[in-house]
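This report describes the strand pairing, helix packing and ligand surroundings of one protein model. The sequence and structure are shown first.

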Amino acid sequence: MHDDTDFTGKAVLVVGGSSGIGNGIAQAFRQRGADVHVWGTRKTAADYDGVSGSDLSGVGYSCVNVGDPDAIASAPEPFAEGRMDVLILCQGAVEYQRREFEQEGWDRVMAVNLDSLMHCSRRFRPALEASAGSITIVSSLSGYRANKGNPAYAASKAGAINTTVSEDGTRNAAPYSFFNAVGDEPPMVVLGLLKDPATGGMKNTASNIAATGEFVVNLVCEADAEKMNMTSIDAPADLDELEYANIETLPSTAVTPERIASSPVSFESRSLEMLEIGPRQTIVIGEILVTHIKDEFILDPDKVYLDTPAMKLIGRVHGSGWYARGTDLFKMDRPKPLPKD
Ligand SMILES: Cc1cc2nc3c(=O)[nH]c(=O)nc-3n(C[C@H](O)[C@H](O)[C@H](O)COP(=O)(O)O)c2cc1C
């Protein structure tokens, strides 16, 4: 028994749990004490004997074709007395050789990867409501970035991601000076996120990015310095620092986290990579999906000339508590290219 998470006596159904990731999830729950039942596509559990990535020992099994809503509705109860505490939806289908471009291929993938999430959730809602249980949907990175040749797979997995929203939608804000722009095609940013010194775990910003893949970088102007400083308070995850520091927000257009209304420039971003580069730190590489620049700072929209000094941006400098203004600037022209012989 692992002591981190104890599921003793809990009833867990893993749809798509006959092999691969779903099977790993099913066995992990079983090792943590849960009664586990798996839905798969082969007729019996014995039909998975010898299949790589499949271990159905110690778990119940039913053959249910989740591509068919009637099969979901009429499948036998996985647990006695209609019990259920956790529903894991890990089903997935993919079609190759451009079959997803055809109506039938598209429909098959959509039915399994997207429609069935709703049908399974509907079927087990009463049981989960009775146990105050939970549903986890396992999607794919393809839900964030389409892969060539599989439009139905990518679209259905994106749909899967947006089928749910965390009930705990607590907003989070904090200053991060380990930040830079690192490319323009596509435009990218990096963030340096240290671990929380008290717990050794991720700070809230890092865990939110890991959970949702989304964040907004708001550049800070001098007028917002005090408020920015307030958001650096070491606070539990359920504190909404935006409310705490009385910061107004505007909705974002491409990501769920809101942007800061007074910020001269905001970058709506999605995480491409989170790299653990040491025991104390994580680097996030993010792609900027949308940039907002306040109209008053745009000198020439066609040439994208900006009045950066007018933004009165501030930066963190040495030590704790020291900041710089973007004044006292000096200019240097770049050296002319060396003549080619
Ligand atoms: C100006 C300033 C810059 C900061 N830069 C960073 C940084 O680059 N990386 C980091 O891990 N923490 C940084 N911190 C500390 C975090 O803001 C602080 O730990 C905060 O409580 C984290 O909040 P969160 O848990 O909501 O992410 C900075 C703090 C201030 C005041």
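Strands β6 and β7 form a hairpin, with two residues between them. In this predicted model, β6 covers residues 179-184 and β7 covers residues 187-194, and five bridges join the two strands in the antiparallel sense. One of the bridge pairs links aspartate 184 to proline 187 in β7.

**The antiparallel sheet**

The hairpin belongs to an open sheet of five strands, arranged in the order β6-β7-β12-β11-β8 with antiparallel pairing. Strands β6 and β8 (214-218) are the edges of this sheet, and each of them pairs on one side only. On average, neighbouring strands are turned by 35° against each other, direction ignored.

Next to the hairpin, β7 pairs with strand β12 (residues 281-293) in the antiparallel sense over seven bridges. Within this pairing, leucine 191 has valine 284 of β12 as its bridge partner. Strand β12 is also joined to β11 (residues 265-278), by twelve bridges in the antiparallel sense. There, leucine 275 is the bridge partner of isoleucine 283 in β12.

**The parallel sheet and its helices**

Another open sheet has five strands in the order β3-β2-β1-β4-β5, and its pairing is parallel. The edge strands here are β3 (60-63) and β5 (134-137), each pairing on one side only. The twist of this sheet averages 15° from one strand to the next. Strand β2 (residues 35-40) pairs with β3 in the parallel sense over four bridges, and glycine 40 has cysteine 63 of β3 as its bridge partner.

Two helices can be described against these strands. Helix α1 (residues 20-31) lies across β1 (11-15), β2 and β4 (86-89), and runs at about 165° to β2. Helix α3 (residues 103-131) lies across β1, β2, β4 and β5, with a direction of about 175° to β4.

**Serine 140**

Serine 140 is located in the loop between β5 and α4 (151-161). Is this residue, serine 140, buried or exposed? Its relative accessibility is 19%, and serine 140 therefore counts as buried, since the cut-off for buried is under 20%. A polar atom of the serine 140 side chain lies 2.9 Å from the backbone nitrogen of serine 142. Leaving aside residues up to four places away in sequence, serine 140 touches Tyr153, Lys157 and Ile161.

**The ligand and its surroundings**

There are 18 residues around the ligand, of which Asn172, Tyr176, Phe178, Asn204 and Thr205 come nearest. Strand β7 and helix α5 (204-212) each supply at least two residues of this shell. Which element gives the most to the shell around the ligand? That element is β7, with three residues.

Backbone atoms of the protein also lie at polar-contact distance from the ligand, as the table sets out.

| Protein atom | Ligand atom | Distance |
|---|---|---|
| Proline 175, backbone N or O | oxygen | 2.8 Å |
| Serine 177, polar backbone atom | nitrogen | 2.8 Å |
| Isoleucine 233, backbone N or O | oxygen | 3.3 Å |

On its own the ligand has 650 Å² of accessible area, and the protein covers 89% of it. Strand β7 thus connects two topics of this report: it pairs with β12 over seven bridges, and it supplies three residues to the shell around the ligand.

Key:
Residues are numbered from 1 along each chain as its sequence is written. This is a predicted model: local features need pLDDT of at least 70, side-chain atom pairs count only at pLDDT 80 or more; totals for chains, interfaces and linings use all residues. Side-chain values use heavy atoms; hydrogens and water are left out. Two strands pair if DSSP finds at least two bridges between them. Axes are lines fitted to C-alpha atoms, for helices over the stretch in contact, and angles run from 0 to 180 degrees between N-to-C directions. Contact means heavy atoms within 4.5 Å. Buried means under 20% relative accessible area, exposed over 50%, partly exposed in between (1.4 Å probe, protein chains only). A polar contact is a pair of N or O atoms within 3.5 Å; within protein, one must be able to donate a hydrogen and the other to accept it, and residues adjacent in sequence count only if both atoms are side-chain atoms. A residue is near a molecule or strand if one of its heavy atoms lies within 4 Å of it. Accessible areas come from the Shrake-Rupley method with a 1.4 Å probe; for residues, only the protein chains shown count as cover.
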